[in-house]
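Student: I have a structure open in front of me and would like to learn how to read it. Could you walk me through it?

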Amino acid sequence: MAWAGLVARLVVGGVWIYAGLLKLPDPDQSVDAVRAYELLPGDLAVTVGQLLPVLEVVVGTALVLGLLVRGAAVVSAVLFVAFIVGIVSVWARGIEIDCGCFGGGGYDPDATSKYPWEIARDAALLAASLFLVRLPRSRWALDSVLFRSTDDRVAEPADETT
Amino acid sequence: MSKKTKAEERAARAAAALAERKRQERRRNILTGVAVVVAMVLIVGIGFLINKSRDEGGDEKAADTSDYELAVGPEDAPHSIVIYEDFLCPICRQLEQLSRDPLAKLAEEGKVRVSYRPFNLFQDEVRRPYSVAAAAAFAVVLDRAGDEVAKKFHDLLYENQPSEGGPFPDADWFVDLAVQAGADETDVRPGIEDGDGKDWVEGATQASDDLGINSTPTVFLDGSQFQDYRTMEDLAGNLVAAVD
């Protein structure tokens with residue numbers, strides 16, 4: 001399970017870093033992509049559009065490095081739920097937009113055919129995130145260096161008493 | 001007896017030492033955790049502020065006059081609205097449908113000056129030709145037939161907007177619409193057929209590009225970008241409410 005955790009971290013974290021980095025160079029486009037969902041009021045759409053790419057890169061980096069895995073996985077899961085809700089909602093309302101998941105965004109005439117696959121992808125990543133929330137311990141994680149616990153080596157009797 | 005006590009004592013001391021060590025570790029772990037969280041929040045916060053400042057770089061300066069526009073309403077109107085648009089952009093069409101009549105009325109009443117600035121946003125092979133041709137035809141009509149006919153032509157272009165994926169109409173179609181808008185066919189046909197307006201489109205596109213405008217519609221109210229909307233209904237409604 002520790003190895004499965006590592007794989008989950010690398011896949012989910014890698015996707016976040018990739019998605020965030022693609023969006024970072026163009027905050028304007030990222031804001032437009034958020035706005036295209038027609039879910040958030042103007043000012044909030046601007047803030048979310050500017051904040052998301054940074055948050056994605058940081059969450060992704062935390063997962064890849066294995067830093068505060070449980071917390072990062074919670075944030076990751078919450079974001080995926082939000083994205084799935086967003087895509088389902090535009091799909092249901094018949095709005096055809098590029099999801100803006102990896103940069104881009106805005107009107108896309110083929111959007112409807114892409115929504116199911118986008119939802120499936122986000123659902124799979126959500127599942128991986130939830131797995132990490134439940135079992136955050138994994139191989140090669142900074143957490144195991146930073147947060148040592150005596151529980152692992154309880155058996156050792158205290159030396160000074162002998 | 002005494003041996004057992006000694007053993008118990010030793011176990012008790014070991015347990016106490018272990019508990020103490022665990023306490024210290026827990027304390028250290030919590031501190032480390034807090035430090036990491038604070039560092040991450042700081043990084044996100046700083047990154048967000050950097051992103052925000054980069055995003056707002058191009059916002060404020062776009063609404064001065066332009067050589068590439070059709071303006072409606074008196075120059076000294078108390079409010080100004082500038083709309084950057086592409087004739088092939090479906091959302092622009094939506095905004096047009098929702099805002100055209102109220103804005104025309106407000107402009108007539110002298111409450112606002114509305115500047116339409118069409119340019120070629122779509123740079124891909126499929127959409128670029130129509131986007132350019134429509135804006136070029138608009139430039140010809142504006143040049144040869146005047147503002148009023150050009151406004152009507154502008155409105156007709158949106159009313160009859162083709163689908164983004166094509167098929168796209170030919171020059172005759174533009175000429176027909178121009179005539180319908182009130183232009184004299186002999187005035188506009190040669191210009192539209194020869195693509196005389198293409199330089200204008202290039203200039204308009206360059207001007208928009210220089211301002212960092214990379215989506216349409218981009219709307220400015222009294223000099224600053226108007227972002228207070230969720231849907232085009234909101235945008236049209238809020239715009240009209242702001243200047244009325």
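Tutor: Happy to; we will take chain B first and then its partner. Keep in mind that this is a predicted model.

Student: Where do I start, and how many helices and strands are there in chain B?

Tutor: Begin with an inventory: chain B has seven helices and five strands. Read from the N terminus, the elements of chain B follow the pattern α-β-β-α-β-α-α-α-α-β-β-α.

Student: In what order do the strands of the open sheet lie?

Tutor: A general idea helps here: strands of a sheet pair through backbone hydrogen bonds, either parallel or antiparallel. In chain B, five strands form an open sheet in the order S1-S3-S2-S4-S5, with mixed pairing. S1 (70-72) and S5 (224-225) of chain B are the edge strands, each pairing on one side only. For a parallel example, look at S2 (residues 79-85) and S3 (residues 112-118) of chain B, which are joined over seven bridges. There, B:Ile81 stands opposite B:Val114 of S3(B).

Student: Which strands does H2(B) touch?

Tutor: H2(B) packs on the sheet and touches S1, S2 and S3 of chain B, and its direction makes about 150 degrees with that of S3(B).

Student: And how many residues of chain B are in contact with chain A?

Tutor: At an interface, count the residues on each side: 33 from chain B are in contact with 31 from chain A. On the chain B side, the elements giving two or more residues are H1 (2-55) and H2 (90-108). H1(B) gives the most, with 22 residues. By character, this side of chain B divides into 12 nonpolar, 10 polar and 11 charged residues.

Terms used: Residues are numbered from 1 along each chain as its sequence is written. Chains are lettered from A and ligands numbered from 1 in the order in which they are written. This is a predicted model: local features need pLDDT of at least 70, side-chain atom pairs count only at pLDDT 80 or more; totals for chains, interfaces and linings use all residues. Two residues are in contact if their C-beta atoms, placed from the backbone, lie within 7 Å. Helices (H or I, at least four residues) and strands (E, at least two) are DSSP runs, numbered from the N terminus. Ala, Val, Leu, Ile, Met, Phe, Trp, Tyr, Cys and Pro count as nonpolar, Asp, Glu, Lys and Arg as charged, and the others, Gly among them, as polar. Two strands pair if DSSP finds at least two bridges between them. Axes are lines fitted to C-alpha atoms, for helices over the stretch in contact, and angles run from 0 to 180 degrees between N-to-C directions.
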